[in-house]
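Hi,

Here's the structure I said I'd pass along. Have a look at it first, then read my notes underneath.

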Amino acid sequence: MHLESSMNEFVDSKASLLKALHEEQVVSARNLLSYLALRNQDIRELQDLLHIYGLSSLASSEGHVLRQVQAIRERLGHIYQKEELDHCTFAFSKLKMGEKSRLLFGQKAEANMPYLMVTFDAEFADDYAKVKSLLQNGMNVARINCAHDDEDTWSRMINQVRIASEQTGIPCKIYMDLAGPKIRTQILGKGRDKGKVKIREGQLIWMIEDDLDVDKSETVISPNESGIIQQLRKGDRVFIDDGAIRCIVEKVKKEKIGLRIVRISSKKDLLKEGKGINFPDSFLQVPSLTDFDRACLPFICENADLVGYSFVKTAGDIAVLRQALQEKSESYPQLIIKIETLEAVENLPSLLLEGMKEQAFGVMIARGDLAVEIGFERLGEIQEEILWICESGHVPVVWATQVLETLHKSGMATRSEITDAGHAAMAECVMINKGDYTIEVMETLRDVIHRTSTHRVKKRFTLRPLKIAQKFLLG
């Protein structure tokens, strides 16, 4: 069976699924399914042959993959009737991605620049000059993290954005991130009063859910979320503080878990209060939408343009949030689905298809937790795969976490960060975290992306004249 037939058969098998989608998403969903059918096969040998004969190797055709296969077959002599040709052309896919990006992130001044999303600090709530400067330096989306501050502070932040936007004439969307489950260290035993405790490699520490009968002489922590202890198994890995402290579940008891510390990457051998905990080997049954998130929804529906959904794992999680939003408002904010767990990566196609019940939605590659969950060494591979699959469904992507982080904190970027910033141009939007050098980060990011965008659009390299070649030829 040739590629086109296998792709068409797979799409036809999902006809009932396609009927449930928003009408504006059906063509995009068909292309997504075609791409998944293609990537289920190993076509590397075929790609080499196509390249030898000067034909497309399908390497940069995510957004219009079936039509690209048809174009190749036409060059090889196959004749199609007009109605047989797929509607999803290169021009259509480019237009569709642009339309969806504008629906999510608004208008922007420069076509070749990704949208810039800036994370707000509490101090921005009373600093009009800062907010105005961010707008003038390219901010398109203001991000408010609901895990921090309160509704009064959020209101003041939003007010500053609205005033600055009106005064400058520069549009800006409001994005509010749901906090999600707060799985963070709570120190219950030794070090509880100080909020930190000294640890060492090889040490056994305990994890429990409450502080009943805690031995104050032992190192004991809680994950700050009920139901987790019972879901862990012997041999499961547990990472604390962005993976700086790595543990293995060694003892499993009815009400507590024994964790053996196998590695401490930090210079200070300290376990601190409020640090994130990741369970990369455990598919935890913890609701993505918490009671706190639900309490935030009325404010979000009233004030935000976009809502970020943290720790999404399944399509059912998206359905739960959609229902909760519909109960609050008929015209709720558009969704940004955050990919930050192994389960979300594995379920990405079903997450996208569930999202396609909306006219437009986006995906955020939340690289902080994602790297810990899947392993740092896999991040480069996985973030590329997410970009490809999202492009096949014409789903705008936000590239997030640690973009020019060292520059943001110290005023000087590392060399690897500059390279990473160049890769950010493959996404439709780039998120900048909090830091002391936000304007400098935005200026550097714009400079780097301006340079790289003349060489590459998404994954497709463009051959503009090279100054190195011109100088050699003229020399």
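Below is what I found, going from the sheet to one glutamate and then to a helix.

Before anything else: this is a predicted model.

The sheet is an open one with seven strands, and its order runs β4-β7-β6-β10-β9-β8-β12. Pairing within the sheet is mixed. At the edges you'll find β4 (186-187) and β12 (277-278); each has a single partner strand, so one side of each has no neighbour in the sheet. For β4, two bridges link it to β7 (residues 220-222), and the two run antiparallel. If you want a spot to click on there, Q186 has S222 of β7 as its bridge partner.

Next, E4, which sits in helix α1 (residues 3-13). Is E4 buried or exposed? Its relative accessibility is 6%, and since buried means under 20%, E4 counts as buried. Its side chain has polar company, though: there's a polar contact with the side chain of Q70 at 3.0 Å, and another with the side chain of Y80 at 2.5 Å. Leaving out residues up to four places away in sequence, E4 touches L66, V69, Q70, R73 and Y80.

Last one: helix α6 (residues 90-105). With 16 residues at 1.5 Å a residue, α6 should span 22 Å, and its end C-alpha atoms are 22 Å apart, so the two agree. The buried residues of α6 are S93, K96, M97, G98, K100, S101, L104 and F105; note that two lysines, K96 and K100, are among them. Right after α6 comes G106, with a positive phi near 90°.

Cheers

Technical notes. Residues numbered from 1 in each chain as written. Predicted model: local features only at pLDDT ≥ 70, side-chain atom pairs only at ≥ 80, totals over all residues. Heavy atoms only, no water. Pairing = 2+ DSSP bridges. Helix = DSSP H or I, 4+ residues; strand = E, 2+ residues; numbered from the N terminus. Buried < 20%, exposed > 50% of the residue type's maximum accessible area, 1.4 Å probe, protein only. Polar contact = N/O pair within 3.5 Å; in protein donor to acceptor, adjacent residues only side chain to side chain. Contact = heavy atoms within 4.5 Å. Expected span 1.5 Å × (residues − 1).
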